[in-house]
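Dear colleague,

Please find below the structure that I am handing over to you. My findings follow directly after it.

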Amino acid sequence: MFKRSITGSTLRVLSATPHSTTFPMIRPITNVLTRPLSSTATRAKNKAEDEYPNIAATTKAPQGASGGQEGRFARTDESVQISYPPDSEMPAQPVAQGRGGMHFKRTLDLFSLEGKVSMVTGGARGLGLVMAQGLVNSGSDLAIVDLNGAEAEEQAGKLVQQFRKENPGLEQMPTITAHYADVADPDSVNNALSEVLAKHGRIDNLVTSAGFTENFDAISYPFDRMKKLWGVNVDGTYLFATGVAKHLMERKAPGSIVMIGSMSGAIVNVPQPQAPYNASKAAVRQLAASLAVEWAAHNIRVNCISPGYMLTALTRKILDENPELRDKWISLIPVGKMGVPEDLMGAVTFLLSDASKYVTGAELRVDGGYTVT
Ligand SMILES: NC(=O)c1ccc[n+]([C@@H]2O[C@H](COP(=O)([O-])OP(=O)(O)OC[C@H]3O[C@@H](n4cnc5c(N)ncnc54)[C@H](O)[C@@H]3O)[C@@H](O)[C@H]2O)c1
């Protein structure tokens, strides 16, 4: 509210303005300012406001005044506990159908990955497998790296078969190899890098998709599980990124790295508690930005894709055990649906290709709008 004295001085300033007589638009403003202001009316308004029923929904009211719904949709629930199962219990995944093939729709050649070698960690399953398939369909050779070496091997074979089926008559097949690595172990990472270089001769692009989540409230989160989570999600990303960057610098070659973060790096998911996972993904996002700056002069771009809720073995398990979460999750997504791994094919191809030549240090959120509401 303007006090009378302020109103007076404002008026003086306005009338002293040389243009005030020539600009008719000024006059309506002075009219507004000269409207009488009554402090009695303000007090009366405040009194009425105190009796206004929705005051119970503000911080003026005591806890619980607004009923049981207070904060109901914006809190974690410590009864939701989900541990990541042993690898042998995770189902294998079919390769995506019907997205590949030579096509004759016009598009920019900048999006092509023809002649490149791309490496995808966590590529035996889930988002990693489907993004890897997108890269092959965009012309790249591929090295899949995964803790589950046998499944990576099997999927590499299936990707070649699928590619052959979708590209009948094409003589040159992509080279697709599979390699074991525990991304959290530096020796294992170095071995995998040497193996990939021995098979492909070079690496141009990296996607770090190996990662997992678990749900326990922070107080009861088992410390050894937390260390494991950070080891895979953060150390694993760091070790592969630095390994590939070192190789690119030695070759004096340009390259592109895409780190798979999560919208959880920017928001707090509800109701399932997952503080260490959220923090690990915030670390991934900031790692991408920091390394982008550090390696920009070497022509190595580093970006982060932050997916929202995507249906993979990981989220399938969570939803199978907690079916009520499905409706809660989709009610929070503006698009109203969870994504599928295929929804990341375009995003990753864009960030690895020359189409995004001037994009580095960026976070591309693929979350159906979750994080903007
Ligand atoms: N699914 C989602 O909704 C979602 C959303 C946001 C972010 N993400 C992130 O995407 C990435 C992939 O998730 P997903 O849903 O595809 O999971 P997933 O469990 O389906 O696949 C993960 C893959 O990583 C591999 N892996 C796990 N630990 C490893 C290790 N130590 N070394 C090497 N490989 C290892 C697994 O064997 C598996 O093949 C993760 O980083 C995850 O945090 C997933």
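The chain contains eleven helices and seven strands. Please note that this is a predicted model. Of the 373 residues in the chain, 35% are buried. Contacts between residues at least 6 apart in sequence were also examined: 75% of them join residues at least 24 apart.

**The sheet**

Seven strands form an open sheet with parallel pairing, in the order E3-E2-E1-E4-E5-E6-E7. Its edges are strand E3 (176-180) and strand E7 (363-366), each of which pairs on one side only. From one strand to the next, the twist averages 20°.

The pairing of strand E2 (residues 141-146) with E3 is parallel and runs over five bridges. Within it, Ile-144 has Ala-178 of E3 as its bridge partner, and Ala-143 is matched in E3 by Thr-177. As general background, strands of a sheet pair through backbone hydrogen bonds, in either a parallel or an antiparallel manner. E2 and E3, together with H5, make a right-handed β-α-β unit.

**Helices on the sheet**

Helix H4 packs on the sheet and touches strand E1 (117-121), E2, E3, strand E4 (205-208), strand E5 (255-260) and strand E6 (300-307). The direction of H4 makes about 170° with that of E1. Helix H8 (residues 275-295) packs on the sheet as well, touching E5, E6 and E7. Between the directions of H8 and E6 the angle is about 165°.

**Two residues in detail**

Gly-134 is found in helix H4. Is Gly-134 buried or exposed? Gly-134 counts as buried, because 26 C-beta neighbours lie inside 10 Å and the threshold for burial is 20 or more. Setting aside neighbours within four places in sequence, Gly-134 is in contact with Met-345, Val-348 and Thr-349. Gly-134 and Ala-96 are separated by 38 residues in sequence, and their C-alpha atoms are 9.2 Å apart in space.

Pro-174 lies in the loop between helix H5 (149-166) and E3. Pro-174 is classed as partly exposed because 17 other C-beta atoms are within 10 Å, a count that falls between the limits of 12 or fewer for exposed and 20 or more for buried. If residues up to four places away in sequence are not counted, Pro-174 touches Val-136, Asp-141, Leu-142 and Phe-163. For Pro-174 and Val-136, the separation is 38 residues in sequence and 7.0 Å in space, C-alpha to C-alpha.

**The surroundings of the ligand**

Which residues come nearest to the ligand? Of the 31 residues around the ligand, these are Gly-122, Arg-125, Gly-126, Gly-211 and Thr-312. The shell is made up of 15 nonpolar, twelve polar and four charged residues. Helix H4 (126-137), helix H7 (223-251) and helix H9 (313-321) each contribute at least two residues to this shell. H4 therefore appears in two settings, since this helix supplies residues of the shell and also packs on the sheet, while its residue Gly-134 is buried by the 10 Å count.

With kind regards

Notes:
Residues are numbered from 1 along each chain as its sequence is written. This is a predicted model: local features need pLDDT of at least 70, side-chain atom pairs count only at pLDDT 80 or more; totals for chains, interfaces and linings use all residues. A residue is near a molecule or strand if its C-beta atom, placed from the backbone, lies within 6 Å of it. Helices (H or I, at least four residues) and strands (E, at least two) are DSSP runs, numbered from the N terminus. Ala, Val, Leu, Ile, Met, Phe, Trp, Tyr, Cys and Pro count as nonpolar, Asp, Glu, Lys and Arg as charged, and the others, Gly among them, as polar. Two residues are in contact if their C-beta atoms, placed from the backbone, lie within 7 Å. Two strands pair if DSSP finds at least two bridges between them. Axes are lines fitted to C-alpha atoms, for helices over the stretch in contact, and angles run from 0 to 180 degrees between N-to-C directions. A crossover is right-handed if, with the strands pointing away from the viewer, the path from the first strand over the helix to the second runs clockwise.
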